[in-house]
Amino acid sequence: MNILIVGASGGIGYGFVEILLQDPAIDRVYGTYRRWESAQDLLNLASRYPQRLVCLSMDITQESDLVVALETISHQTRELDLVVNCIGILHRVGLQPEKSLRQINSDRLIEYFQVNSIGAVLLAKHLLPFFSSPRRHVFATISAKLGSIGDNYLGGWYGYRASKAALNMLMRTVAIEYSRKSPQTIVVICDWNIPPGIPGDYGCSCTFVRKCLDRFADFAVHVGIIGIFCWFRNSYHSLR
Ligand SMILES: NC(=O)c1ccc[n+]([C@@H]2O[C@H](COP(=O)([O-])OP(=O)(O)OC[C@H]3O[C@@H](n4cnc5c(N)ncnc54)[C@H](OP(=O)(O)O)[C@@H]3O)[C@@H](O)[C@H]2O)c1
C-alpha cells in the first residue's frame, strides 16, 4: 500500500505517519510539509525509515508545488491507496480567529479559504490519476465541527468556520464527480473533534491519535459520516 499524508508535519498528520510506519503492510508513506523549521520531527522520522517515508515540500496555496510533489510521487507509484489531507490553519503570527466583525479583513479571510478550502479541491483535481485502478482508494480531508452551520451557536471565528463549511461543500461536490470518474474511490470528510475523555493534548502523539481513532470510529458512524477513523480502526486493528 502507498499512502500520502498531506500536512504531515502538523500534529495530526505526524501522528498518522507514525502509526502508518508501524504497519509492515504499508510499502511507502509520502508526507508533505511546508516549512522546514516545523518539519524537523518528520524529517528525523524519514531518516529512521529512509525506504518507507518520503518527505516532499509543498505549499498548498501554490498549485505548481502540488503538481511537482505529485509528479515526484508518480515516478515511484502510479496509485495511492489512501490520501489524508491534514492541512489547516486557525492562527499564526498576524492571523488570529476573528472575535467580531471589527476584526474582519479580506486578505486574512482569503488566506483561510486558500489553505482550508481551496487546497483540498486542488488536491482532488490532481490526485485523480492516482485513483484509477479498480481497487478501493480513500481520499480524506480533515474538516472541523466549527464548519457546521447548524452547530454555530457561539459565533466568531468567521474565517475558520466559513472556510471549513466551504471545504465540506467542495468535498461533497468532489464526491459526486469522483463517483462518475473513479467510483471505487471513497471521499471522506472527517470532523476532527477531541472526544470526551481524551486529555487536551493537542500535540497529538501517536498514542493520542490512536485513542482518538478508537473513540471516533463509533462517533463517525453515529453521525453518519463515513469516517476515516472507521477505516483506520478496521485496517489497523492489530496496531492497538
Ligand atoms: N487539532 C484540533 O483539535 C483540530 C480540531 C478540528 C479540526 N482540526 C483540523 O485538523 C487538521 C490538522 O490539524 P492539526 O491540529 O494537526 O494542525 P497543525 O498542527 O497546525 O498542522 C497544520 C498543518 O498544515 C500545514 N499548513 C498550513 N498552511 C499550509 C500551507 N499553506 N501549505 C501547506 N501546508 C500548510 C502546516 O504546515 P506548517 O507547519 O509548515 O505551517 C501543518 O503541517 C486541520 O485541518 C485542522 O483545521 C484540528
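Before anything else, a definition: a helix here is a DSSP run of H or I covering at least four residues, and helices are numbered from the N terminus. The structure above is a predicted model, and I shall begin with the ligand.

Helix α1, residues 11-21, supplies three residues to the shell around the ligand, the most that any element gives. The shell as a whole numbers 25 residues, and Gly-10, Ile-12, Arg-34, Arg-35 and Gly-88 are the closest. By character, 13 of the shell residues are nonpolar, nine are polar and three are charged.

Allow me to place this in the chain as a whole. The chain holds seven helices and six strands. Read from the N terminus, the order of elements is β-α-β-α-β-α-β-α-β-α-β-α-α. The chain has 240 residues, of which 38% count as buried. Of the contacts between residues at least 6 apart in sequence, 69% link residues at least 24 apart.

I return now to helix α1. Is this helix mostly covered or mostly exposed? Helix α1 is mostly covered, with ten of its eleven residues buried. The buried residues are Ile-12, Gly-13, Tyr-14, Gly-15, Phe-16, Val-17, Glu-18, Ile-19, Leu-20 and Leu-21. Ile-12 thus appears twice in this account, as one of the closest residues to the ligand and as a buried residue of α1.

Tyr-14, also in helix α1, may serve as an example. Tyr-14 has 26 C-beta neighbours inside 10 Å and therefore counts as buried, the threshold being 20 or more. Tyr-14 and Leu-42 are 28 residues apart along the chain, and their C-alpha atoms are separated by 6.8 Å.

The next topic is the packing of helices, and I take α4 and α5 to begin. Helix α4 covers residues 106-127 and helix α5 covers residues 158-181; their axes come within 9 Å and cross at roughly 20°. Angles under 35 degrees count as roughly parallel, so α4 is roughly parallel to α5. The crossing is right-handed. The contact of α4 with α5 comprises twelve nonpolar, four polar and two charged residues.

Which residues of the two helices meet? On the α4 side they are Arg-108, Leu-109, Tyr-112, Phe-113, Asn-116, Ser-117, Ala-120, Val-121 and Ala-124. On the α5 side they are Gly-159, Tyr-160, Ser-163, Lys-164, Ala-166, Leu-167, Leu-170, Met-171 and Val-174.

Two residues of this contact deserve individual description. Ser-117 is placed in helix α4, and it counts as buried because it has 23 C-beta neighbours inside 10 Å. Leaving aside residues up to four places away in sequence, Ser-117 touches Ser-163, Ala-166, Leu-167 and Leu-170. Each of these four residues is listed on the α5 side of the contact. Between Ser-117 and Ser-163 the separation is 46 residues in sequence, but 5.5 Å in space from C-alpha to C-alpha.

From the side of α5, the residue to consider is Leu-167, which lies in that helix. Leu-167 counts as buried because 25 C-beta neighbours fall inside 10 Å. With residues up to four places away again left out, Leu-167 touches Asn-116, Ser-117, Ala-120, Thr-141, Ser-143 and Gly-147. Among these, Asn-116, Ser-117 and Ala-120 are listed on the α4 side of the contact. Leu-167 and Ala-120 are 47 residues apart along the chain, and 7.3 Å separates their C-alpha atoms.

One residue in the loop between β5 (137-143) and α5 also merits attention, namely Trp-157. Phi of Trp-157 is near 50°, a positive value in a residue other than glycine. Trp-157 counts as buried because 20 other C-beta atoms lie within 10 Å.

Helix α4 has a further partner in helix α3, residues 63-74; the axes of α3 and α4 come within 10 Å and cross at roughly 40°. That angle makes α3 oblique to α4. The crossing of α3 and α4 is right-handed. Five nonpolar residues, one polar and one charged make up the contact of α3 with α4. Glu-63, Leu-66, Val-67 and Leu-70 in α3 meet Leu-122, Leu-123 and His-126 in α4.

To conclude, helix α1 gives the most residues to the ligand shell and is mostly covered. Helix α4 is roughly parallel to α5, whereas α3 is oblique to α4.

Technical notes:
Residues numbered from 1 in each chain as written. Predicted model: local features only at pLDDT ≥ 70, side-chain atom pairs only at ≥ 80, totals over all residues. Near = placed C-beta within 6 Å. Nonpolar A, V, L, I, M, F, W, Y, C, P; charged D, E, K, R; others polar. Axes fitted to C-alpha atoms, helices over the stretch in contact; angles between N-to-C directions. Parallel < 35°, antiparallel > 145°, perpendicular 65-115°, else oblique. Left-handed = near helix turned anticlockwise from the far one by under 90°. Contact = placed C-beta atoms within 7 Å. Buried ≥ 20, exposed ≤ 12 C-beta atoms within 10 Å, placed from the backbone.
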